[in-house]
Amino acid sequence: LKGAAGQGRTNFTILIYCCNAGHTQCSNGTSAQLLAREKFSKDPPTRVLLMLVVGLSFSTRLYKITEPPHVCWDETHFGKMGSYYINRTFFFDVHPPLGKMLIGLAGYMTGYDGTFPFIKPGDKYKHHNYWGMRGFCAALGSCLPIFAYLIVLELSQSHSAALITAILLIFDTGFITISQYILLDPILMFFIMAAVLSMVKFNHPFAASWWLWLVLTGANLAGALGVKFVGLFVILLVGLNTVWDLWRLLGDLSLSLVEIAKHFLARVVGLILLPLFLYVTIFAIHFVVLNKSGPGDGFFSSAFQSRLIGNNLHNASMPEYLAYGSTITVKNLRIAGGYLHSHWHLYPEGVGARQQQVTAYLHKDYNNLWLVHRQDANECDHTEVMYETTRNLHGHLHEAPLTKKHFQVTGYGINGTGDTNDLWQVEVCGGQNGDLVKVLRSKVRFLHRATGCVLYSSGKTLPKWGWEQVEVTCSPYLKETPSSQWNIEDHINPKLPNISLSVLKPHFLEILLESHIVMIRGNSGLKPKDNEMNSKPWHWPINYQGLRFSGVNDTEYRVYLLGNPVVWWMNLASLGLYPIMVAVVSIAIQRGFSLMVLTEHSHVLMREGGLLLFGWLLHYAPFYTMGRVLYYHHYFPAMLFSSMLTATASWSLLSLAQRLEAGGNSYFYLFHPLSYGMTGPLAHEPGSTMAGLKWMDSWEF
């Protein structure tokens, strides 16, 4: 604003900045945005740089995609699950199904027939066509630097910042490695980054492009959650950003309440209803495709199993309600709880009473059959007689083998003749006294009359004397849990009419709910095993220790998952530097100081950088609260956000940016054997390709 006094008047020359059409209101960062856009207009064309990023990204990921020609690390699991989809064989996994479905589809479309067994790492693929599944994962992994480039370009309007991000990710050995194998991680990160890109793109309200990006955001949120539950973190990021956006719109007095309501409803449809519909559709396809009995049957209820072709309950018929004189199998409702089981072997000396073992067995077996025997003294009481050995199901006050606060359960007596410790009362969970027990559907408890405890599957594996089957106890703690709940699966009684089990099959919402309960319990049950290396979250940002994908000696083809240490430590430094930069800029603005190197980009640094920092926190901090086993690769989604933050912060410090680009290139060359494989001497031996590069003792290459 320039003014000059003269002849009794003041002349003003006013420079008016026009707000960007994509924003509904001006902000304090308007001048900074204009400076950024002015610089943006002088940068090289986006198309040329984007083509360069695409070419480098795909070439680094697809290079040597078929090496090594054997199973590496978790390809054992996810390659096998892709085969299950091709063969339509039901299985269980702790993650939602989309990632495995896409792997199976990629294999099917590229000629893989689903016959490779994927037994263990190191198994040779031989003539099996595995490259399509690896290539699919590599293609999605190749999109990550491209998406990061476009996200930072949209946020900062700077080609330099966008190119820095792309270079950090393109030349990171860890991202190359994790993209080249049959894993869920590149698929998950593809949807996470696609969701963030779509989120930052829908900024021209109610235009056709706005609706497109809104719908794509919702679709990618469903995709992220459909691959792993970690997708909840990006859903939270988009959700909180949307709440902030709506709050800002509510404060715009130029908008009517009707327009605000339209904004709100559009987001409800695009970001809640659409993702929910797509997520449920993923499971509907999953259940339709996997319609044959397989290794996942035992994790699910008997009613669920009755819908699977080849399962003994499929299209079977049996009496609907339990009665005295029935021969039955009894299945525990906890994950891997097993079938109530007994055999001729006795508990060893010193383990409670030396009577017949009662266990839970995870497979269908003749020793799972029990006879329901009536006691005349009290119609509520009955004895279960082991069909093969004729021993009664028996409980007493002896200590259980492994769960010391529980009581031992044994087989005792003969042909229904025993003592009062053989009496059990059946209770229908959630029912009333006298309710009939329906096969497959009723959840029941077995209450021991003498001691008041309940029949319980602890989930603990017995030693070799118990044939490594699952411990069964009588628990004095009466709270209803899946471990103390059972259902009747097989039911034989010639005196009762049979019904078709098809009428007892659960409907879609029931199996959808059950599958999520089983997945959540399975996830929580992933505890570190004895002598297993359990990675800690604080290890990850410092690149403390990687993962061996393949090979352990100088004769094997070795691949080691480890991030480019220069890139990772730069990101770590930027996480510490960013709050300092924001503090300096905030103080400078507040005090009216001129720090052009920072303040000209203050809006991008604080708001857009804050969004990326928040994305990093959401994808990293929750792991500190998790009790499940954790691995190094869990950090990679957070690493994407820290790389974008590094580029955004360093954009204000051009000399640092130039060093980032040079460092990322040179150290990629030094560490590239980690990703593409190496043979010969190990790192600490003379003549190794990694000689002098084992900078931390915890690195295992």
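Me: Which residue in β6 does H341 stand opposite?
Reply: This is a predicted model, where local features need pLDDT of at least 70, side-chain atom pairs count only at pLDDT 80 or more, and totals for chains, interfaces and linings use all residues. Residues are numbered from 1 along each chain as its sequence is written, and side-chain values use heavy atoms, with hydrogens and water left out. Strands are DSSP E runs of at least two residues, helices H or I runs of at least four, both numbered from the N terminus. Opposite H341 in β6 stands T359.

Me: Over how many bridges do β5 and β6 pair?
Reply: Two strands pair if DSSP finds at least two bridges between them. Strand β5 covers residues 339–346, and its pairing with β6 is antiparallel. The number of bridges is 5.

Me: Which residue in β14 does T359 stand opposite?
Reply: Strand β14 spans residues 470–475 and pairs with β6 in the antiparallel sense over 2 bridges. There, T359 faces E471.

Me: Which residue in β10 stands opposite Q356?
Reply: β10 (residues 407–412) is an antiparallel partner of β6, with 2 bridges. Opposite Q356 stands G411.

Me: How many residues of β6 are buried?
Reply: Buried means under 20% relative accessible area, exposed over 50%, partly exposed in between (1.4 Å probe, protein chains only). Strand β6 runs over residues 356–361 and is mostly covered. Of its 6 residues, the buried count is 5.

Me: What share of the residues in the protein chain is buried?
Reply: The chain has 19 helices and 18 strands. Among its 701 residues, the buried share is 54%.
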